Amino acid sequence: MTHRFKIMKIGPVIKKYRQKVGFTQIELARRVAVQSTYLSAVENDKKEPSIGLLKKLSKALCLTPEIFFWEAIDTSGLKGQDKKIVEMAQVILQHYQKSL
């Protein structure tokens with residue numbers, strides 16, 4: 001059986017958590033040592049962030065780096081138990097993040 005996970009864009013996930021923390025793009029960009037225009041391009045899926053930048057973003061936003069990927073998984077192509085497992089993992093990770 002082939003499992004197909006489709007990764008959505010990570011930018012909206014970054015934006016969601018930036019806004020949740022209350023940072024402007026300028027504030028977060030300063031914290032991770034990038035230009036605010038670059039961060040804007042990442043959030044709007046015009047640029048892809050490096051793993052290094054994702055690590056810096058996760059630290060600045062008090063997150064684990066994995067959350068960017070888990071929340072970016074599109075479960076629409078999954079069915080049944082596979083879909084439930086991924087969705088449950090996403091919920092568990094969100095609850096874990098809240099406890100940090």
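Asp45 is partly exposed in the predicted model, at 31% relative accessibility. The residue is placed in the loop between H3 and H4. Although Asp45 is not a glycine, its phi is positive, at about 60°. Most residues other than glycine have a negative phi. A positive phi in a residue other than glycine also occurs at Cys62, where the value is near 60°. Cys62 follows H4 and is found in the loop between H4 and H5. With a relative accessible area of 58%, Cys62 is exposed.

The protein chain contains six helices and two strands. Read from the N terminus, the order of these elements is β-α-α-α-α-α-β-α. Of the 100 residues in the protein chain, 35% are buried. Among contacts with a separation of 6 or more, 60% are made by residues 24 or more positions apart. The exposed surface of the protein chain comes to about 6700 Å², and carbon and sulfur atoms supply 56% of this area.

Helix H4, which spans residues 51-60, has a buried side made up of Leu53, Leu54, Leu57, Ser58 and Ala60. Viewed down the axis of H4, these buried residues fall within an arc of 165°, so they line one face of the helix. In an α-helix there are 3.6 residues a turn, so residues three or four places apart point the same way. The exposed residues Ile51, Lys55 and Lys59 are carried on the face of H4 turned away from the buried side. Cover for the buried residues of H4 includes H1, H2, H3 and helix H5, the last of these running over 66-71.

Within H4, Ser58 has a relative accessible area of 4% and is therefore buried, the limit being under 20%. When neighbours within four places in sequence are left aside, Ser58 is in contact with Leu63, Thr64, Pro65 and Phe68.

Leu28 lies in helix H2, which covers residues 25-32. Leu28 is buried, its relative accessible area being 0%. Residues up to four places away in sequence not being counted, Leu28 touches Arg18, Phe23, Leu39, Leu57, Ala60 and Leu61. Leu57 and Ala60, among these partners, are also among the buried residues of H4. Leu28 and Leu61 are 33 residues apart along the chain, and their C-alpha atoms are separated by 8.4 Å.

Gln25 is also placed in helix H2. In contrast to the buried Leu28, Gln25 is partly exposed, with a relative accessible area of 23%. Beyond residues up to four places away in sequence, Gln25 touches Arg18, Ser36, Leu39, Ser40 and Glu43. From C-alpha to C-alpha, Gln25 and Leu39 are 6.8 Å apart in space, with their positions 14 residues apart in sequence.

Two packed helices are described by the angle between their axes and the distance between the axes. For H2 and H3, the axes come within 8 Å and cross at roughly 105°. This crossing makes H2 roughly perpendicular to H3. On the H2 side, the residues that meet H3 are Gln25, Ile26, Leu28 and Ala29, and their counterparts in H3 are Ser36, Leu39, Ser40 and Glu43.

One salt bridge is counted in the model. The pair consists of Arg18 and Glu43, whose closest N and O atoms are 2.6 Å apart. Distant parts of the chain are linked by this pair, since Arg18 belongs to helix H1 (residues 11-21) and Glu43 to helix H3 (residues 36-43), 25 residues apart. Both partners are buried: Arg18 has 7% relative accessibility, and Glu43 has 3%. Gln25 touches each of these two residues, whereas Arg18 is also one of the residues touched by Leu28.

Definitions and conventions:
Residues numbered from 1 in each chain as written. Predicted model: local features only at pLDDT ≥ 70, side-chain atom pairs only at ≥ 80, totals over all residues. Heavy atoms only, no water. Helix = DSSP H or I, 4+ residues; strand = E, 2+ residues; numbered from the N terminus. Buried < 20%, exposed > 50% of the residue type's maximum accessible area, 1.4 Å probe, protein only. Contact = heavy atoms within 4.5 Å. Areas by Shrake-Rupley, 256 points an atom, 1.4 Å probe, with all protein chains shown as cover. Salt bridge = Lys/Arg side-chain N within 4 Å of Asp/Glu carboxyl O. Arc of directions from axis to C-beta. Axes fitted to C-alpha atoms, helices over the stretch in contact; angles between N-to-C directions. Parallel < 35°, antiparallel > 145°, perpendicular 65-115°, else oblique.
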